[in-house]
Amino acid sequence: MPAGMDQTLAQLLATPDAYLHSLEGGEAVLVPMDRAAYRRSIFLDHRISPAGEGGWRVPLASLGTVEANPPQLGWIFHVAHCGSTLLARALDELAGGANLVLREPLALRQLSLARDSERLRLVLAMLARRYPGGGRSLVKANVPVNFLLDEIAAVDPAAPAILLKLDLPDYLLAILRSDQHRVWLRTIVSQFAAELGLTRQLSDAQAAAALWLGQMRRFAAAAAQMPHARLLDAEQFYGDPAETLRRAAALLGVETNPTAIAAVVAGPLFTTYSKRPDQAFDNTARLARRDALAQALGAEIAEAQEWLALAAPDAGSLAAALDAAAQA
């Protein structure tokens, strides 16, 4: 590296304006961002909305100075299609840019498929960077990252975390509701079959139950390892969003007040689809869809529950651990 470039790289990495988007071989792909770009990027994968064109590719080894800083992140882990994007965007609105809310960083997902503890520490340190005067960064992970939970918890066990889940019947309604969702389910279960202990082909209902079970076991283990982790049922969030936001903000270090929370809950975020803001959707529409699906998917729900009863002799102790994490 030419003389003077070290200082330039240090300046580049001093703030989150150079976002670690992804890992390619031995290089880090950095994308130009600013506070506004982070807020408008509903997801930070290929759907990212950067602050400008271009970017930088730097050797991963050159990011070592960032790695020395402690992560100090807050987390939202979730089981998919359970309101996590809505929760993260609502917290983003409440934070007003004081906390960066990083929704589904691609580099974390990459590491869930190719685990590497050294790279994980580096990625966590890069995600934890703050703007001057800002609060901790909050990461809304995606489902594959649940299979990294043990390593993330080991790096920073004191981190505050929300473990957002659905009970099995509601989970099945969420992820079996369309062919597209079922393709996603089969892909994830195939990618993590070893971690789920699966050795044979399962029906969609059985695969959904296996994926739910694997995530619940990891949530229970994380709650035991992370004293500031709290389990949250998505139905509780949907039913009482204001109180849920109050508690979530307090846990994750987002400064807010009842007036601000009421304004967010009454605003467009809760009357549109969180992933597609141009599409109208609210809790009334969600409940109507859920009721219709409960009839259509009744046989598969029964099949999944039967599979779970045979496959999970630890179901009682697991439920007790999850209840304890929810009530802490």
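1. Let me start with Leu 138, a good place to enter this fold. Setting aside residues up to four places away in sequence, Leu 138 touches Gly 74, Asn 99, Leu 100, Val 101, Leu 102, Leu 252 and Val 254. The residue sits in strand β6, which covers residues 138–140.

2. Is Leu 138 buried or exposed? Its relative accessibility is 2%, so Leu 138 counts as buried, the cut-off being under 20%. One of its contacts, Asn 99, is 39 residues away in sequence, yet the two C-alpha atoms are 6.9 Å apart in space.

3. A word on what you are looking at: this is a predicted model. Mean pLDDT for the protein is 93, and 96% of the residues reach 70 or more. Please read the start of the chain with care, though: over residues 1–5 pLDDT stays under 50. For that stretch the model has two contacts beyond four places in sequence.

4. Now to the overall build. The protein has 17 helices and 10 strands. Its C-alpha trace spans about 65 × 50 × 35 Å along the principal axes.

5. How does the radius of gyration compare with that of a compact globule? For 328 residues such a globule would have a value near 20 Å, and the protein has 20 Å, so the two agree. Buried residues account for 50% of the 328.

6. The contact pattern is worth a look alongside this. Taking contacts between residues at least 6 apart in sequence, 77% join residues at least 24 apart. The pair Leu 138 and Asn 99, at 39 residues apart, gives you a concrete case to inspect in the viewer.

7. Next, a helical residue: Thr 244, in helix α13, which runs over residues 241–252. Thr 244 counts as buried because its relative accessibility is 5%, again judged against the cut-off of under 20%. Beyond its neighbours within four places in sequence, Thr 244 is in contact with Leu 232, Gln 236 and Phe 237.

8. You may also like to follow helix α13 to its end. The helix covers residues 241–252, and Leu 252 is among the residues that Leu 138 touches. Val 254 is another residue on that contact list.

9. Finally, the surface and the charges. The accessible surface comes to about 14500 Å², with 53% of it belonging to carbon and sulfur atoms. The protein carries 30 positive and 34 negative charges, and the mean positions of the two sets are 1 Å apart.

Key:
Residues numbered from 1 in each chain as written. Predicted model: local features only at pLDDT ≥ 70, side-chain atom pairs only at ≥ 80, totals over all residues. Heavy atoms only, no water. pLDDT = per-residue confidence, 0-100. Contact = heavy atoms within 4.5 Å. Helix = DSSP H or I, 4+ residues; strand = E, 2+ residues; numbered from the N terminus. Rg over C-alpha atoms; globule rule 2.2 N^0.38 Å. Buried < 20%, exposed > 50% of the residue type's maximum accessible area, 1.4 Å probe, protein only. Areas by Shrake-Rupley, 256 points an atom, 1.4 Å probe, with all protein chains shown as cover. Lys, Arg positive; Asp, Glu negative; His and termini not counted. Charge placed at Lys NZ, Arg CZ, Asp CG, Glu CD.
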